[in-house]
Amino acid sequence: MRPAFSDILAAAGRIAGFALRTPVIESPLLNDRVGGRVLIKAECLQRTGSFKFRGAWNLISQIEPERHPGGVVAYSSGNHAQGVAAAARIRGFKALIVMPADTPRIKQDNTRSYGAEVVTYDRATQSREEIAARFVAERGAILVPPFEHPDIIAGQGTAGLELADEAAERGVELSDVLVCCSGGGLTAGVALAMQARSPATAVHTVEPEGFDDFARSLRSGHIERNAKMSGSICDALMSPSPGEMTFAINRRLLGTGLVVSDQDAAEAVRFAFEVLKLVVEPGGAVALAAVLSGKIDARGKAIGVIASGGNCDAGLYARILSREI
């Protein structure tokens, strides 16, 4: 069953007191640079460093422990892993996370720091879904998917709800909202929230070059897959294809999909550090990158941007800031 706006409102009640209401940042320098207003929802400051805790808590807070004695299992390249691990720890559940072997060390270490067991796999040759399904069956656990679940989508949608309400409080009419997109759960939730709170606002996916399956799917009208599983600094945005549920929601509600290069993402990471004083990982910076690189024209408009995560590998971050990338 697909989520509705009422589910986002219910999720907002569940996450209150657990997830943070992250700030919406506006920079005069950025506004002057693009000739419009840019409102940045800083989900990089969210609990566990990304928006993912919202959806994870919304689902995990409703689990009946006696029905799933083995706790929770998830697969993730890092941010969902940390959100699930943190939510499971609060509930006192065991958590096992299936993560790509090339996941940045900070994301693996952070996931373990919440008490979760981490099992790695080769994303080029192994199926994370099959590995996770095996552990679910063996342990009597429940799967917490990264995007393809109504409670996950509704939980992520609370970020869009907060952005819409903050813009309204400031008297700002958002013409567009840009969302960093992988499987499409955050985008779907934000699109549902905007449809209810600000229906004239166009919501757009933003993806890295070579991993623009959602943009291509929106153009073709059916689910497209990426040709490769790795090869971008935006490690958080390399889902192989949109989810069936997320695509069904997004194809109805979204504007065009936008695509940026790794260099665009790196420039946005530097801008966030130097100007906004935010640590944003490349995958969490692609929406900002679309504004900075002119992939969307902000002149005379008000644009909402979701800075979706800040869990960046220290070595990669240093290379980006020193302009080696």
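In what order do the six strands of the open sheet follow one another? In this predicted model, the order is S1-S2-S10-S7-S8-S9, and the pairing within the sheet is mixed. Strands S1 (24-25) and S9 (258-260) form the edges, each of them pairing on one side only. Within this sheet, strand S7 (residues 176-180) and strand S10 (residues 302-307) run parallel and are joined by four bridges, with Asp-176 standing opposite Ile-303 in S10. Helix H12 (residues 282-292) lies across S2 (37-42), S7, S8 (202-208), S9 and S10, and the helix runs at about 145° to S7.

A further set of pairings involves strand S3 (residues 72-75). This strand pairs in the parallel sense with strand S4 (residues 95-100) over four bridges, and Tyr-75 stands opposite Val-98 in S4. The chain passes from S3 through H4 to S4, and the resulting β-α-β crossover is right-handed. Strand S3 is also joined by two bridges to strand S6 (residues 142-143), the two running parallel, and here Val-73 has Leu-143 as its bridge partner. In a regular strand, side chains alternate between the two faces of the sheet. In S3, Val-72 and Ala-74 point one way while Val-73 and Tyr-75 point the other way, and all are buried.

Helix H4 (residues 79-91), the helix of this crossover, contains Gln-82. Gln-82 has a relative accessible area of 1% and is therefore buried. When residues up to four places away in sequence are not counted, the contacts of Gln-82 are Thr-48, Lys-107, Asn-110, Thr-111, Tyr-114 and Asn-311. Thr-48, one of these contacts, lies in the loop between S2 and helix H3 (52-60) and has a phi near 70°, a positive value in a residue other than glycine. A positive phi of about 60° is likewise found at Lys-277, which is not a glycine and is placed in the loop between helix H11 (262-276) and H12. The two residues can be set side by side with respect to accessibility: Thr-48 is buried, because its relative accessible area is 8%, whereas Lys-277 counts as exposed because its relative accessibility is 63%.

The count of salt bridges comes to 19. One of them is formed by the side chains of Arg-54 and Glu-43, with an N to O distance of 2.8 Å. This pair links distant parts of the chain, eleven residues apart, with Arg-54 in helix H3 and Glu-43 in the loop between S2 and H3. Arg-54 is buried, with a relative accessible area of 0%, and Glu-43, at 0% relative accessibility, also counts as buried.

Glu-267 takes part in salt bridges with Arg-270 and with Arg-323. In the pair with Arg-270, the closest N and O atoms are 3.2 Å apart, and both residues lie in helix H11, three residues apart, about one turn of the helix. Arg-270 is buried at a relative accessible area of 6%, while Glu-267 is partly exposed, with a relative accessible area of 25%. In the pair with Arg-323, the closest N and O atoms of Glu-267 and Arg-323 are 3.8 Å apart; this pair links distant parts of the chain, 56 residues apart, with Glu-267 in helix H11 and Arg-323 in the segment after helix H13 (314-321). In addition, Glu-26, Arg-37, Glu-166 and Arg-170 are joined into one network by salt bridges that share partners.

Definitions and conventions
Residues are numbered from 1 along each chain as its sequence is written. This is a predicted model: local features need pLDDT of at least 70, side-chain atom pairs count only at pLDDT 80 or more; totals for chains, interfaces and linings use all residues. Side-chain values use heavy atoms; hydrogens and water are left out. Buried means under 20% relative accessible area, exposed over 50%, partly exposed in between (1.4 Å probe, protein chains only). Contact means heavy atoms within 4.5 Å. Two strands pair if DSSP finds at least two bridges between them. A crossover is right-handed if, with the strands pointing away from the viewer, the path from the first strand over the helix to the second runs clockwise. Axes are lines fitted to C-alpha atoms, for helices over the stretch in contact, and angles run from 0 to 180 degrees between N-to-C directions. A salt bridge is a side-chain nitrogen of Lys or Arg within 4 Å of a carboxyl oxygen of Asp or Glu.
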